[in-house]
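Welcome aboard: open your viewer, keep the selection tool handy, and follow along from stop to stop.

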Amino acid sequence: MQTLNQTHYKILVVDDDPDIVELLQYNLAREGYDVAVAENGKKAIEVAHTFKPDVILMDVMMPVMDGIDACRQLRENQDFRDTHIIFLTARSEEFSEVAAFDAGADDFITKPIKPRALLSRLAAYVRRDVQQEEQEQVIEIGGMRIDRTSFAVYKGEEKITLPKKEFELLAFLAATPNKVFTREELLNNVWGSDVYVIARTVDVHVRKVREKVGENQIRTIKGVGYKFNTD
């Protein structure tokens, strides 16, 4: 992030509908955000490399390259691991949401877009970033060192870099080891109570964290939720 002041946040709007782009660009600029636009996923990747957005608002169904593929490619680049990627789409099927989060999305907003609700959600991201900066910067537990300043996890000499939401999930659980959190509690604390995501999102992120830091660090408590395991 360049800054935690919302008037300096950079937001990239990606949609092939010029009316939606104009609506979002107007409302975001009026709020003080710095805005860039792109008409498809391929162009979004190009613009992102020069614009360095803090937030990307991106449609799913677009010509040339859809939002899912664009999100996946962006997440493969370390420059965008901290970037919030929020999908904007008229498709409300659950499989679309799962695909979005599996690609690395942070949030999912269905159209028609309500500008006031969207602005409120963006302000919540700003507040959470501020709160995270104020938290303990390094957690050492279970043979791991979790460094909030670099969004990196160290296991011995090995450095493991996680996308932002995966890192936040791991850090949240590790901050209170052996305490069991329900999916709803994790959604509220990691994604925020004012962000709409489905419970399956937690499962997807836990699976990805396990693949990178080890199967035993996050334990599943059947019928309840998850905990950071130190046993």
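Start by selecting helix H2 (residues 41–51) and look at what covers its buried residues: the cover includes strand S1 (10–14), strand S2 (34–38), strand S3 (55–59) and H3. Helices here are DSSP runs of H or I with at least four residues, strands are runs of E with at least two, and both are numbered from the N terminus. The buried residues to highlight in H2 are Gly41, Ala44, Ile45, Val47, Ala48 and Phe51. Buried means under 20% relative accessible area, exposed means over 50%, and partly exposed is in between, with a 1.4 Å probe and protein chains only.

A word on the model: it is a predicted one, where local features need pLDDT of at least 70 and side-chain atom pairs count only at pLDDT 80 or more, while totals for chains, interfaces and linings use all residues. Residues are numbered from 1 along each chain as its sequence is written, and side-chain values use heavy atoms, with hydrogens and water left out.

**The two ends of H2**

Zoom in on the start of H2, where a side-chain oxygen of Asn40 comes within 3.1 Å of the backbone nitrogen of Lys42. At the other end, select Lys52, which follows H2 and has a positive phi, near 55°.

**H2 against H3**

Now add helix H3 (residues 67–75) to the selection; its axis comes within 8 Å of that of H2, and the two cross at roughly 30°. Axes are lines fitted to C-alpha atoms, for helices over the stretch in contact, and angles run from 0 to 180 degrees between N-to-C directions. H2 and H3 are therefore roughly parallel; the classes are roughly parallel under 35 degrees, roughly antiparallel over 145, roughly perpendicular from 65 to 115, and oblique for the rest. Show the side of H2 with Gly41, Ile45 and Ala48, which meet Ala70, Gln73 and Leu74 in H3. Contact means heavy atoms within 4.5 Å. By class, this contact of H2 with H3 has four nonpolar, two polar and no charged residues. Ala, Val, Leu, Ile, Met, Phe, Trp, Tyr, Cys and Pro count as nonpolar, Asp, Glu, Lys and Arg as charged, and the others, Gly among them, as polar.

**H6 against H8**

Next, select helix H6 (residues 164–175) together with H8: they pack at an angle of about 85°, with axes 9 Å apart. H6 and H8 are therefore roughly perpendicular to each other. On the H6 side, pick Lys165, Glu166, Leu169 and Leu170; on the H8 side, they meet Val202, His205, Val206, Lys208, Val209, Lys212 and Val213. The residues of this contact divide into six nonpolar, one polar and four charged.

**A closer look at His205**

Is His205, in helix H8 (residues 200–213), buried or exposed? With a relative accessible area of 3%, His205 is buried. Leaving aside residues up to four places away in sequence, His205 touches Phe101, Ala105, Lys165, Glu166, Leu169 and Trp191. Measure out one more pair: a polar atom of the His205 side chain lies 2.9 Å from the backbone oxygen of Thr201.

**Last stop: Asp107**

Finish in strand S5 (residues 107–110), where you will find Asp107. Asp107 counts as buried because its relative accessibility is 0%. Show the side chain of Arg121 as well: the side chain of Asp107 makes a polar contact with it at 3.3 Å. A polar contact is a pair of N or O atoms within 3.5 Å; within protein, one must be able to donate a hydrogen and the other to accept it, and residues adjacent in sequence count only if both atoms are side-chain atoms.
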